[in-house]
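Student: I would like a close look at one loop and at what follows it in the chain. Could you take me through its contacts with care?

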Amino acid sequence: MKNILLIDTSALLHKAKHTLGGKLSHKEADTGILFGFLSQVGKLCNKYQTNRIVFALDSRTSKRKKLYPEYKSTRKAEKTPAEKAFDDYCHERFDEVVDVIKNRLHFKNVWKSEGYEADDIIATFLLDNPELGKSSVIVSSDNDYYQLLHKCRGMHNSKDTLYTKRHFIQEWGIHPRDWRTVKRISGCSGDSVSSVPGVGYKTAVNYLKGTATDSKVKLIESEEMIPVMRMASKLTRLPFDKNIALPDFEENYLCFDDLLEICSIYGFNSIVADRDRFNMWEKIFNGDFISKKIQRDAQGKGKRIKF
């Protein structure tokens, strides 16, 4: 079965923001984030020889923050006014990227659910579609996704490599399903989720393996840590709850002319002028990842080819 890319869209957008945000323009409009995002999507499709994608989006509201007001609070607190202003500006560009992907390039499976994050959507998809999960690749470096590695093919990480269940077990010596317990004990500093003080991932793993020091075992198993770990568990488990209702996964109907029009509007000349990039995108949009029989059957049925 052909691979499915489960893209944590916010993570990919932020990567484009930090690499090209504010650095490219066309007709006085900032185009860097859109160009960076499209470039990454193209490389991913080419690497995994697929054009089957889920674009998972973060909601502007957060059920986790409603439950725990400190959730992700340090991220904004540590930023300067200029950095916050740049963030606000980039979020407007993010909305533009999503509009291009969904309404102008006509990708299906662009999903968002009120109150939930992209990782909740991806986790729900894998739980609801175990057969599709076998060929699914999560596109993110967030270690929250480790708890899902036994339900998918693997994670495409920041090293541009596929990190699988086997790699995880070799690195940590536990099963991916146990990562939820690790998060319960250690919390998540990146999301401002506290748990047992002085206990990080390695110590939590050692506790599960029975190799933690007596003092750490006593602390982790102390009565006062029970409510702290219970809250950490609620905040770090995926999905947050089982109330997300996702649409059915759809195959894409794409047209290369739509991409060429976007390139013309935004001045993305390198996609058209560079032969390798042009061939890569033509392959993605014109269905070269599918069988010749399906392509022949699609002939004469309109310009959009299903694959």
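Tutor: A polar contact is a pair of N or O atoms within 3.5 Å, one able to donate a hydrogen and the other to accept it within protein, where residues adjacent in sequence count only if both atoms are side-chain atoms. The model is predicted, so local features need pLDDT of at least 70 and side-chain atom pairs pLDDT 80 or more, whereas totals for chains, interfaces and linings use all residues. Residues are numbered from 1 along each chain as its sequence is written, and side-chain values use heavy atoms, without hydrogens and water.

Such a contact is found at His175, where a polar atom of the side chain lies 3.1 Å from the backbone nitrogen of Arg177. His175 belongs to the loop that runs from helix H8 (165–172) to helix H9 (179–186); helices (H or I, at least four residues) and strands (E, at least two) are DSSP runs numbered from the N terminus. With a relative accessible area of 17%, His175 is buried, that is, under 20% (exposed is over 50%, partly exposed in between; 1.4 Å probe, protein chains only). Leaving aside residues up to four places away in sequence, His175 touches His150, Lys165 and Phe168, contact meaning heavy atoms within 4.5 Å. Tyr146, 29 residues from His175 in sequence, has its C-alpha 9.5 Å from that of His175.

Beyond the loop, H9 has Trp179, Val182, Lys183, Ile185 and Ser186 among its residues, and these five are buried. Because they cover an arc of only 165 degrees around the axis, they sit on the same side of H9; the arc is taken from the directions from the helix axis to the C-beta atoms. An α-helix has 3.6 residues a turn, so residues three or four places apart point the same way. The cover over the buried residues of H9 includes H8, helix H10 (201–209), helix H11 (214–220) and helix H12 (225–236). Just after H9, Gly187 takes a positive phi of about 75 degrees.

Earlier in the chain, 6 strands form an open, mixed sheet in the order E5-E4-E1-E6-E7-E8, and its edge strands, E5 (110–111) and E8 (162–163), each pair on one side only. Pairing requires at least two DSSP bridges between two strands. Strand E7 (residues 154–156) is antiparallel to E8 over 2 bridges, and His156 stands opposite Leu162 in E8.
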